[in-house]
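Reader: I've got a model open and I'd like to learn how to read its strands and its core. Can you walk me through them?

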Amino acid sequence: MKFTARQIASILEGEVEGNPDVEVQTVSKIEEGEKGSLTFLSNQKYTPYIYKTNASITIVNDTFVPEKELRTTLIKVPDAYGAFSKLLSYYDSIKKTKSGIESPSYVNKEATYGKNLYLGAFSYIGAHTKIGNNVTIHPNVHIAENVTIGNEVTIFPGARICSDTVIGNHCVIHPNAVIGSDGFGFAPQEDGSYTKIPQIGHVIIEDHVDVGAGTTIDRATIGVTLIREGVKLDNQIQIAHNVEVGAHTVIAAQTGIAGSTKIGKHCMIGGQVGIVGHITIGDYVKVQAQSGVGRNVKSKEVLQGSPAFGYQDFNKSYVHFKNLPKTIHKLDTKDYL
C-alpha cells in the first residue's frame, strides 16, 4: 500500500516541503532509510542523519530548519514523534480492516453477530454467543457458547475464548491467549489424591483491554474473574480464578497472580513477578521485576525483592548483600580491629 507525501500531510494536518507526489510504502529508522520509505526526526541527536538518509519522506517538527541540502521530502508538524505514531496507528487500522466469513468456518445457528464481521478460516463460534459490530476474528480462533463480545474487538489467531466469557468494546486478544479456562481448584482427599472442584464462574473483561500472546485468564470457581477497563497484559501471564485487576493497571510478561487476589487501579507490575492468593494490592502500586509479593500492599507502595519489601529499603540492603563476602572475610581475618 502506497501513500504520497500529499496524502500523509493531509492525514497529519502537516505542511509538505519538497515533492508532494513522492510515494512511500514502508517505514524505517532515519539512519537506515531507503528510497520508498517514511521516517521521522524528533530527537536532536539524530539530526545529522537527515542529511544522509535515503528515505523518501521524513516527518519533522515545524521548528526544523535544514542547514544543508536534503534528498528527502519533509512533512512539518508540531510534534513529529506524535504524528509518526498517529500515522502508524492509521496504517495499522487499514491493514487490519477485513470483512466477511471465510470458509471453512463454523457459526452456530443460535449465535448472533453485528455488521462488518470478519471471521477467518477454521474458526468456531458456539451457540448463544453474541458478537458486536466491526469485530475481527482471525483464523483458528475458538469461541465457545454463551460468550459476549463487544464492538471493535480484534482476536488474533489461535486464541481460545471459553464459555460464558464477557469481552467489552475495543479489546485486543493476541495469539494463543486462553480466556475462561478452568481455575486451578482441587480438594485434597484422605488417601492423598485430589478431587477436582467444578469451576462454574466466568471471566469479564471490560473495555479497552489488551491481552498478550499466550496469556491465560482462568474462570472463577464461583462468581467472576474481573479485568477492569484499560488494563494492559503482556505475553505469557497467568491470572488465576477470582482475581480482580483494577483499571489501567499494566502487567509485564511471565507474571503469575494466584487466586482471589485483588489488584488496584493504575498499578505497574514488572516481569516475572509472583503474587500469592487472597491478598489485596492497593492503587498506584509499583512492583519491580522478579519480586515475590506475599502480603497485602498499601496504595502507592513501591516494592522489590522476594519476598518483596520497600524499594528504597531494598536498595539500601543490597549494598550489604553484595558486600557480605568481604564483610565476612574481614570478620574471619579480624581485619576490622
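**Strands, then cores**

Author: Sure, and keep in mind that this is a predicted model. Let's start with one facing pair: glutamine 238 sits opposite glycine 256 in E32.

Reader: Which strands does that pair belong to, and how many bridges join E29 to E32?

Author: Strand E29 (residues 238-239) and strand E32 (residues 256-257) run parallel and are joined by two bridges. They belong to an open sheet of ten strands with parallel pairing, ordered E9-E12-E15-E18-E21-E26-E29-E32-E35-E38.

Reader: Which strands stand at the edges of that sheet?

Author: Strand E9 (106-107) and strand E38 (292-293); each has a single partner strand, so one side of each has no neighbour in the sheet.

Reader: What about E6: which strands does it pair with?

Author: In a regular strand, side chains alternate between the two faces of the sheet. Here, E6 pairs in the parallel sense with strand E5 (residues 37-41) over four bridges, and threonine 39 faces threonine 58 in E6. Five bridges link E6 to strand E7 (residues 73-77), also parallel, with isoleucine 57 opposite threonine 73 in E7. As for cover, five of the five residues in E6 (residues 57-61) are buried.

Reader: And the core: which residues touch the most other members?

Author: Nonpolar side chains in soluble globular proteins tend to be buried together. In the largest nonpolar core, with 48 residues, the answer is Ile137, Ile155, Ile205 and Val293. Beyond its neighbours within four places in sequence, isoleucine 155 contacts residues including Ile137, His138, Val141 and Ile173. A second, separate core has 16 residues, among them Ala9, Leu12, Val22 and Phe84.

Key: Residues numbered from 1 in each chain as written. Predicted model: local features only at pLDDT ≥ 70, side-chain atom pairs only at ≥ 80, totals over all residues. Heavy atoms only, no water. Core = buried A, V, L, I, M, F, W, Y, C linked by side-chain atoms within 4.5 Å. Buried < 20%, exposed > 50% of the residue type's maximum accessible area, 1.4 Å probe, protein only. Contact = heavy atoms within 4.5 Å. Pairing = 2+ DSSP bridges.
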